[in-house]
Amino acid sequence: MYERVTITKLLPADLVEVSCSSSACTMCKGAMFCNNKGRTFKAWNKNKLDLASGDSINLFLPPARTIVATLITFILPLLLFPICYYLSQGAGLGEGTTFLLSIGGIAVGFLAVWAYFRKQQRRYMPIVMNKLDQD
């Protein structure tokens, strides 16, 4: 999926901070569900294009990676809940302890997901494809 955005700031290590323009929101199919309205996010200048603040660019968000990122974010913590529950039950712990350990499994799952995405940051980042002409 391609998105047209504006660079708000250049960051070190081939990263740029971008934001969607309000005019882009009116034509976007996902505008109702978008959580980036009025916010900025990072993109990877993988091709090392000569960019400046205020430039309009095209970003590419790989659909498969977006879907995989969503699945990783939600499935791992949810899988840890029943695993911790049944391990706690098998150890003969009480109901309250089992519940707390199961909720702790969800928390550990979210921490593991956070650490994974922190390490693999660029792999799941939008990629700057090209600079658009200023008209």
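**Exercise 1. Is isoleucine 75 buried, exposed or partly exposed, and why?**

Before we start: this is a predicted model, where local features need pLDDT of at least 70, side-chain atom pairs count only at pLDDT 80 or more, and totals for chains, interfaces and linings use all residues. Residues are numbered from 1 along each chain as its sequence is written, and side-chain values use heavy atoms, with hydrogens and water left out.

Step 1. Get the cut-offs straight: buried is under 20% relative accessible area, exposed is over 50%, and partly exposed is in between (1.4 Å probe, protein chains only).

Step 2. Isoleucine 75 counts as partly exposed because its relative accessibility is 40%.

Step 3. Now place it: isoleucine 75 sits in helix H2, residues 63-90. Helices (H or I, at least four residues) and strands (E, at least two) are DSSP runs, numbered from the N terminus.

Step 4. Look at its company. Ile67, Leu71, Ile75, Leu79, Ile83 and Leu87 make a nonpolar surface patch with about 580 Å² of accessible area together. A patch takes residues with over 30% relative accessible area and no salt bridge, joining like charges within 9 Å and nonpolar side chains (Val, Leu, Ile, Met, Phe, Trp, Tyr) within 5 Å. The areas come from the Shrake-Rupley method with a 1.4 Å probe, and for residues only the protein chains shown count as cover.

**Exercise 2. Sketch the chain and work out how E1 pairs.**

Step 1. Count the elements: the protein chain has 3 helices and 5 strands, in the order β-β-α-β-β-α-α-β.

Step 2. Take E1 and E2, which pair antiparallel over 5 bridges. (Two strands pair if DSSP finds at least two bridges between them.) They form a hairpin with 3 residues between them, and alanine 13 in the turn has a positive phi of about 65 degrees.

Step 3. Add E4, which runs antiparallel to E1 and is joined to it by 5 bridges.

Step 4. Use threonine 6 as your marker: it stands opposite serine 19 in E2, and its bridge partner in E4 is serine 56.

**Exercise 3. Find the largest nonpolar core.**

Step 1. The rule: a nonpolar core is a set of buried Ala, Val, Leu, Ile, Met, Phe, Trp, Tyr and Cys residues joined through side-chain atoms within 4.5 Å.

Step 2. The largest one has 10 residues: Val5, Ile7, Val16, Val18, Phe41, Ala43, Leu51, Ile57, Leu59 and Val128. Strands E1 (2-11), E2 (15-19), E3 (41-44) and E4 (56-60) each supply at least two of this core's residues.

Step 3. Zoom in on valine 16. Leaving out residues up to four places away in sequence, its contacts (heavy atoms within 4.5 Å) include Ile7, Phe41, Ala43, Leu51 and Val128.

**Exercise 4. Track down the salt bridges and say how covered their residues are.**

Step 1. Search for a side-chain nitrogen of Lys or Arg within 4 Å of a carboxyl oxygen of Asp or Glu. You should get 2 salt bridges.

Step 2. Aspartate 14 meets lysine 48 at 3.7 Å, N to O. The pair is 34 residues apart, with aspartate 14 in the E1-E2 loop and lysine 48 in the E3-E4 loop. Aspartate 14 is partly exposed at 30%, while lysine 48 is exposed at 60%.

Step 3. Aspartate 55 meets lysine 131 at 3.4 Å, N to O. Here 76 residues separate the E3-E4 loop, home of aspartate 55, from lysine 131 in strand E5 (residues 127-131). Aspartate 55 is buried at 9% relative accessible area, and lysine 131 is partly exposed at 41%.
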